[in-house]
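Open the model in your viewer and keep the selection tool at hand. The stops below are meant to be taken in order.

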Amino acid sequence: MILHYKRAIQDIWDHKFLNAVTIITIAMSILIVSAFALFFVNASDIISSWQKGVRIMAYIRPHIPHADISALKLKIQDLDRVQNVKFISKEEALQMLKDQMKRQPSLFVNLKENPLPDAFVIRMIPTSHGQGKIEDLANRLEALPEINDVEYGHRWLARFTNIFNLFRLTGFVLGGLFSVAAVFIVANTIRLVLYTRREEVEIMRLVGAADSFIKAPFYIEGIIQGAIGGTIGLAVLFVTFVIVSSNIEQGFAPDLFTARFLSVKIYGAIIFCSTCVGWLGCYLSLKQFLKP
C-alpha cells in the first residue's frame with residue numbers, strides 16, 4: 001500500500017501542470033457549490049429568525065371609538081394562533097418614530113397633524129409560524145370591518161424566497177456542470193498518465209499482476225486530487241467569508257444579522273464529494289484504458 005501511495009505522489013509530481021489544472025477545476029467546482037451552500041445556510045437562518053420574531057401590524061380605521069377598540073382587541077386575542085395583542089395609539093407611534101429619527105428632527109417641524117393610524121401589534125404562537133399560517137391569520141384580520149390594512153412583511157418574504165429558490169437552482173446547475181467538467185478533466189489526466197506508462201502497465205499485465213494492483217496508484221492519485229481541490233476550494237471560501245462577514249458586521253448591528261460558516265458536517269460532506277469526483281474520473285479513465 002505504501003508503494004501505491006509513493007507511486008501516486010510521484011505521478012502527481014511528474015505531471016505537475018496537468019494535475020494543477022485538475023486540482024484547480026475541482027477547487028472551482030467545490031468553491032461554487034460550497035458558496036451556494038453557505039448562502040442557503042445563512043438565508044435559512046434569516047428566514048427562521050424572522051419567523052420566530054414575526055409580528056403582524058393591523059392598522060385600525062380612523063375615527064373608531066376607544067370602546068370599540070377595546071372590544072376589537074379582545075376579538076383578535078381570541079383568534080387561533082394569536083399569542084398576545086398590544087395596542088399602539090397613533091400618538092405613541094409618532095413618538096416612537098421621532099425617537100428612531102433623532103438625527104432628522106427637521107422632518108417633524110412643519111408636521112401639523114399626526115398622519116399615523118392607531119394599530120395593533122399581534123404576535124403569533126411560536127409553533128404556528130410558517131408563511132401559510134401567517135397569511136391565513138392576516139386574511140382573517142383584514143376581514144374585520146374595523147381593520148384598514150394588515151402588514152407583516154409578506155412582500156419582502158415572498159421576494160426573498162424567490163431569490164432563495166433562484167440561487168438554489170443556479171447553484172445546482174453550476175455545481176453540476178463544474179462537477180462533470182472536473183470528472184472528465186480527472187479522467188483525461190489519468191488517461192495521459194496511463195499513456196506515458198503504457199509499456200510499464202503492459203509488462204505488469206504480462207507477468208500476471210492483478211488489475212487491482214495496477215489500478216490502485218491511479219485511484220489514490222484521483223482521490224488525492226479531489227481532496228486537495230476540495231480543501232483549496234473551501235479554504236478560498238473561508239477567507240472570502242471572513243472578509244465579507246467582517247464588513248457586514250461593521251455595517252449592521254450584530255443582533256440583526258450574524259453570518260456563520262458551514263458546519264463541520266457539511267465541510268466533511270463537501271470534502272467527501274470532492275474525493276468522489278476524483279475517484280469517479282479515475283474510474284472512467286481506467287475502465288476505458290484497461291480493457292480485458
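Leaving aside its neighbours within four places in sequence, which residues is Asn19 in contact with? Select Asn19 and display what surrounds its side chain. The contacts are Asp11, Ile12, Thr189, Glu221 and Gln225. Bear in mind throughout that this is a predicted model. Asn19 is found in helix α2, which covers residues 16-52. Its relative accessible area is 2%, so Asn19 counts as buried, the limit for that label being under 20%.

**Second stop: a charged pair**

Next, select Asp136 and Arg140. Their side chains meet in a salt bridge, with 3.7 Å from N to O. The structure holds one salt bridge, so there is no other to look for. Both residues lie in helix α5 (residues 131-142). They are four residues apart, about one turn of the helix. Is the pair buried or exposed? Neither label fits: Asp136 has a relative accessible area of 34% and is partly exposed, and Arg140, at 25%, is partly exposed as well.

**Third stop: aromatic rings**

Now show the aromatic side chains. How many aromatic pairs does a search of the whole structure find? There are seven. One of them is Phe238 with Phe261: the ring centres are 5.1 Å apart and the planes stand at 80°, so the pair is edge-to-face. This pair links distant parts of the chain, with the two positions 23 residues apart in numbering. Phe238 sits in helix α8 (residues 211-251), while Phe261 is in the loop between α8 and α9. The two partners also carry separate accessibility labels: Phe238 is partly exposed at 41% relative accessibility, whereas Phe261 is buried at 15%.

Stay with the rings and select Phe36, Phe39 and Phe40. Ring pairs link these residues into a cluster.

**Last stop: a nonpolar patch**

Switch to a surface view and select Ile223, Trp279, Leu280, Tyr283 and Leu284. Together these residues form a nonpolar patch on the surface, with about 400 Å² of accessible area. Which helix gives the largest share of the patch? Helix α9 (residues 264-289) does, with four residues. To look at one member, pick Leu280, which is found in helix α9. Leu280 has a relative accessibility of 36% and therefore counts as partly exposed.

Conventions. Residues are numbered from 1 along each chain as its sequence is written. This is a predicted model: local features need pLDDT of at least 70, side-chain atom pairs count only at pLDDT 80 or more; totals for chains, interfaces and linings use all residues. Side-chain values use heavy atoms; hydrogens and water are left out. Patches are made of residues with over 30% relative accessible area and no salt bridge: like charges are joined within 9 Å, nonpolar side chains (Val, Leu, Ile, Met, Phe, Trp, Tyr) within 5 Å. Accessible areas come from the Shrake-Rupley method with a 1.4 Å probe; for residues, only the protein chains shown count as cover. A salt bridge is a side-chain nitrogen of Lys or Arg within 4 Å of a carboxyl oxygen of Asp or Glu. Buried means under 20% relative accessible area, exposed over 50%, partly exposed in between (1.4 Å probe, protein chains only). Contact means heavy atoms within 4.5 Å. Rings of Phe, Tyr and Trp (its six-membered ring) pair if their centres lie within 6.5 Å; planes under 30 degrees apart count as stacked, over 60 as edge-to-face and the rest as tilted.
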